[in-house]
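The exercises below are to be worked through with the sequence and the model at hand. Each task is followed by a solution in steps.

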Amino acid sequence: MAKWDIESHRRWQVETTRKILVVVDGDDEQRALRHVLASAEFGWEVECCDSGSSALPKVAELKPDCIVLDYRLPDMSGPDFFQALKAAPAFRERDTIPVMMLISPHDETAVADAVQSGVEDYLFKDARGNFLALLPPVLRRALREREIIEERESTKAALSKLESRYEYLFLGVADGIIIADQHRIIESTNPSACRMFGYQAGELQGQPLTLLMQPGDHVLVGHEFDTYLKTGTGRFIGQGALEVQGVRKGGEVFTLEVAIDEIEFDGARMFAAVMRDTTERHRVRQLVQESEARFRTAFDNAPVGMALISLDGQWLRVNRALCDMLGYDEQELLHMSFQDVTHPDDLGIDQTFVQLVLADQLKSYQMETRYFHKDGRAMPISLNSSLVRDEEGKPLYFMAKIEDITQRKKMEDALYAEKDLAQTTLQSIGDAVITADAAGSVTYLNPMAERLTGWSNREAIGQPLDHVFVVVDEGTRAVVESPGTRALKDGKICGGSGNLLLVARNGLEANVEPSASPIRVRDGSLTGVVMVFHDVSEARALNRKISYQASHDALTGLLNRVEFELMATQLLQSARSAHRQHALMYLDLDQFKLVNDTCGHLAGDELLRQLATLLSSNMRKSDTLARLGGDEFGLLLEACPQDRAIEIAQHLIDTVRAFRFEWEGKLFGVGLSIGMVMVNDHSRDLQTLLKAADAACYAAKEKGRNRVELFRQGDASAPEQPARIDWISRLQSAAAEHRFALHYQKIVPVVDQRASCHVEILLRYRDEQGRLLLPMAFLPAAERYGLLASIDRWVVRQTLGMDPSLLPDDAALIAVNISGTSLADGDFQDFLKEELRASRIPVNRLCIEISEAAAISNLHRSIALMQMLRSLGCSCALDEFGSSLSSLAHLKSLPVDYLKINGSLTKNLTNDPVDYATLESIHRIAKVMKIRTIAKFVENYEALPHLRRIGIDFAQGFALHEPEQLLTKVVV
């Protein structure tokens, strides 16, 4: 305070009003504090409160610069008030408000509380009131310190802003900037300079400026530079920009504009060179000169009249064609204005256009007017005028093209009468007529064409013909070129091909039959086209209705038997001619008669309609489904191999079996038996094929229904079994013949190396040659022939019945897979519950795995099974998770403990950032839901660091452990 300028301080007092909030209990003490602070030479405004609760809202209202606070308040302590104050929005907006706490003398506890709470300062309230004299200077010091801090922060912000501007100017500008010392050695460059000369960042540092110039310009940074260093003046440095020849890194020479100025940097003389590549400027200048030369040549030699006209109408320049047109020589016209040669009746319109162009309401204008020839006659001319402006947009002069249209006017008058007659005829006929010029632009629509196209004649004129007359193929919906356009291309009469739909402008469609003829003049040249068409929608609709009824079943909308046999004949022909293979099937409903007998024919009809829709939605686009009669259907699979045909047939059987038909509160299930015969180049006639399919369908019903039977070609009596039908007997006897074997694979911890590992029980099949087959070799057949559920039960019984000592010692959890087939089995849950109760392995060491696809397709049963397992102490895992986009949508509803992430995400983890991000997202969501994650198919050790970085809990794969056989005894 001793060095503080007292006069400046007093001016600060006057200019700055500070608000002080006093929070003390007692009127006497408030009056004393108000008197001392208000009478101080700083002119403070003082507000008082007698409690903390009344002071807090006052802070928001008053926004004080300082608070004087009593340590002991009637409703709270001073530190408590200060903590509440710091949480208040008004306090946070100001960042901080100095708080001075008043404490009873020698109260060390209060001092400690005040200091710990963070108050600015404190004073002891002595009994004599000496603290009152100390309070103003203490507050003054606190306020000044606060102001100094704010000024310092403001200075830092300004400096940071200045540095940012410098960085932008140096690094961000398009011009090249080079800083060199007084020896012409380059010290720094900006990116633009490096790009301009073809150098990388840092390459130019330490190099002489002469490196960047042609030898002829070295004098500028040689002799001229030395002269400036000695005298402080020169013809180059500090004198603006000069153009020199620059040299790029590869030796390319280019024109360069350089300005060098002296700057001072850390007390040293430095020079800043600002450079700009002017190569493009020179190229543009040359192009402009060439363009001007071409313009002069074109202007003077143009076959039509050309003129430059001043803003007041004076001819500035005219060409020979204009002089010949008006009968004046060049000098005569240059002493005249365009007003001198314009007909008085047309002058007003011409000048109106001129004013509109000058007001920038028009860019140019075109009009027909009349000019006077030198001999006094008025001649019709076509005037096309535009305004030329300079770079700043200031009008300079008009450029006009002037053509004599005397002959054209005579021809127009002659054609008008003929045109009027033709239009009257076209207006009255019933066919639609469109005409177009040789370029394909519409010139006329008669009223019928307006109605069918949705275009008015006025709107259509000038539009492309195919934009007004839009036709598509009725079958493919592909846009078809109009006959009018084809007639213009081919120069001959063209008609519409196929069933054409005219798509009107308003979206309405009509069947049309168009034809088009080219229009030629006497010399045979093509001048346009006329297209005639009429609406045939009603006739086409009637034909379609008759054709549809003849080929489709009235109840289901499917093809009927006649159409089915016609298409089957076509497939038979293609099989013989192109050596292709197809499939023909008979489909017969099971339990349909029960619905018909129980609920009547209305219910039966509705069932047939629903099943027709269901079957159609589960076929390929190339397949053909027909109703042959009653509850029998026919199906043609075009270009379909035998195995694929069997899969499609089985899918249809499964779909129908899962279907439930509801009628008046009653639910019915139906089945489907399918007989199939392959159509190939050895097939005989159609009737033989139909009989074979019918026989195979009958065999399917005889063998238990809900199945597909394949008829073997050449055998007229018995249908062939599928190629892999021997799996039925092999899998049925596998357990008894000890051909099934259990293996295990370890699931190792990734993040927590101290955690125990898990194992997954795997199934193998040993064939007659002793080879071990993986599940994909036999499980698809087991699923197809209904054996999968029994195999699941065998695996569960064997696993739960084994001696725990046969398992690895470090296996904390044993995982067993359950198929979707078992999940759909209503009795499986009871079976599993009984086996768990009798298990030799502790239940809390067991984990049941269900694939995501199976869990979602049987969602309610999956949830019920998982809840039952967890109630008994088992864990649950969701296998193959992340195989579809809907994975996360179902995760919330499934009570699982582990997510086994689909192996496709792990295989390419090290190379595919999308797979990495997907895996990371799945783990993050699982972590939120307290579900542990397992990465499958870890086939290389390179994936482990990535899995560990993501946080995956466990990993499984051949890189970590190859499956080993469990030496178990078969449990009876």
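**Exercise 1: The partners of a covered strand**

In strand β40, Phe954 is the bridge partner of Pro749. The model examined here is a predicted one.

Task. Determine which strands pair with β32 and in what sense, beginning with β40.

Solution.

Step 1. Strand β40 comprises residues 954-955, and two bridges join β32 to this strand; the two run antiparallel.

Step 2. Strand β33 (residues 757-766) pairs with β32 over eight bridges, again in the antiparallel sense. Within this pairing, Tyr744 stands opposite Ile761.

Step 3. Strand β41 (residues 964-965) also pairs with β32 in the antiparallel sense, over two bridges. Here Tyr744 stands opposite Glu964.

Step 4. Strands of a sheet pair through backbone hydrogen bonds, either parallel or antiparallel.

Step 5. As to its surroundings, β32 (residues 740-749) is mostly covered, for eight of its ten residues are buried.

**Exercise 2: An open sheet and the helices packed on it**

Task. State the order of the strands in the five-stranded open sheet, identify its edge strands, and describe which helices pack on the sheet.

Solution.

Step 1. The order is β12-β11-β15-β14-β13, and the pairing is antiparallel.

Step 2. The edge strands are β12 (315-318) and β13 (364-372), since each pairs on one side only.

Step 3. From one strand to the next, the twist averages 30°.

Step 4. Consider the edge strand β13: nine bridges join it to strand β14 (residues 378-389), and the two run antiparallel. Arg370 stands opposite Pro380 in β14.

Step 5. Helix α10 (residues 279-301) packs on the sheet and touches β11 (305-309), β12 and β15 (395-404). The direction of α10 makes about 85° with that of β12.

Step 6. Helix α14 (residues 344-358) packs on the sheet as well, touching β13, β14 and β15. The direction of α14 makes about 155° with that of β13.

Step 7. The loop between β11 and β12 holds Ser310. Because its relative accessible area is 12%, below the 20% limit, Ser310 counts as buried. Leaving aside neighbours within four places in sequence, Ser310 is in contact with Leu316, Tyr397 and Phe398.

**Exercise 3: Two helices side by side**

Task. Decide how the axes of α4 and α6 are oriented, and name the residues through which the helices meet.

Solution.

Step 1. The axes of helix α4 (residues 78-87) and helix α6 (residues 108-117) come within 9 Å and cross at roughly 10°.

Step 2. Angles under 35 degrees count as roughly parallel, and therefore α4 is roughly parallel to α6.

Step 3. From α4, the residues Pro79, Phe82, Gln83 and Lys86 meet Asp113, Ala114 and Ser117 in α6.

Step 4. Sorted by class, this contact of α4 with α6 has three nonpolar, two polar and two charged residues.

**Exercise 4: Cysteines without a partner**

Task. How many disulfides does a search of the whole structure find, and why does Cys66 form no bond with Cys48?

Solution.

Step 1. The search finds zero disulfides.

Step 2. For Cys66, the closest cysteine sulfur is that of Cys48, at 13 Å. A disulfide requires sulfur atoms within 2.5 Å, so this pair is too far apart for a bond.

Step 3. With a relative accessible area of 0%, Cys66 is buried. Cys494 likewise counts as buried, at 6% relative accessibility.

**Exercise 5: Two buried helix residues**

Task. Locate Leu869 and His923, and describe the residues that each touches.

Solution.

Step 1. Leu869 lies in helix α32 (residues 859-872) and is buried, with a relative accessible area of 0%.

Step 2. Not counting residues up to four places away in sequence, Leu869 touches Leu832, Leu836, Ile848, Cys874 and Cys876. One of these, Leu836, is 33 residues apart from Leu869 along the chain, yet their C-alpha atoms are separated by 9.0 Å.

Step 3. His923 is found in helix α35 (residues 913-928) and counts as buried at 9% relative accessibility.

Step 4. With residues up to four places away in sequence again not counted, His923 touches Thr933, Ile950, Gly951, Ile952 and Asp953.

Note on methods:
Residues are numbered from 1 along each chain as its sequence is written. This is a predicted model: local features need pLDDT of at least 70, side-chain atom pairs count only at pLDDT 80 or more; totals for chains, interfaces and linings use all residues. Side-chain values use heavy atoms; hydrogens and water are left out. Axes are lines fitted to C-alpha atoms, for helices over the stretch in contact, and angles run from 0 to 180 degrees between N-to-C directions. Helices (H or I, at least four residues) and strands (E, at least two) are DSSP runs, numbered from the N terminus. Angles under 35 degrees count as roughly parallel, over 145 as roughly antiparallel, 65 to 115 as roughly perpendicular and the rest as oblique. Contact means heavy atoms within 4.5 Å. Ala, Val, Leu, Ile, Met, Phe, Trp, Tyr, Cys and Pro count as nonpolar, Asp, Glu, Lys and Arg as charged, and the others, Gly among them, as polar. Two strands pair if DSSP finds at least two bridges between them. Buried means under 20% relative accessible area, exposed over 50%, partly exposed in between (1.4 Å probe, protein chains only).
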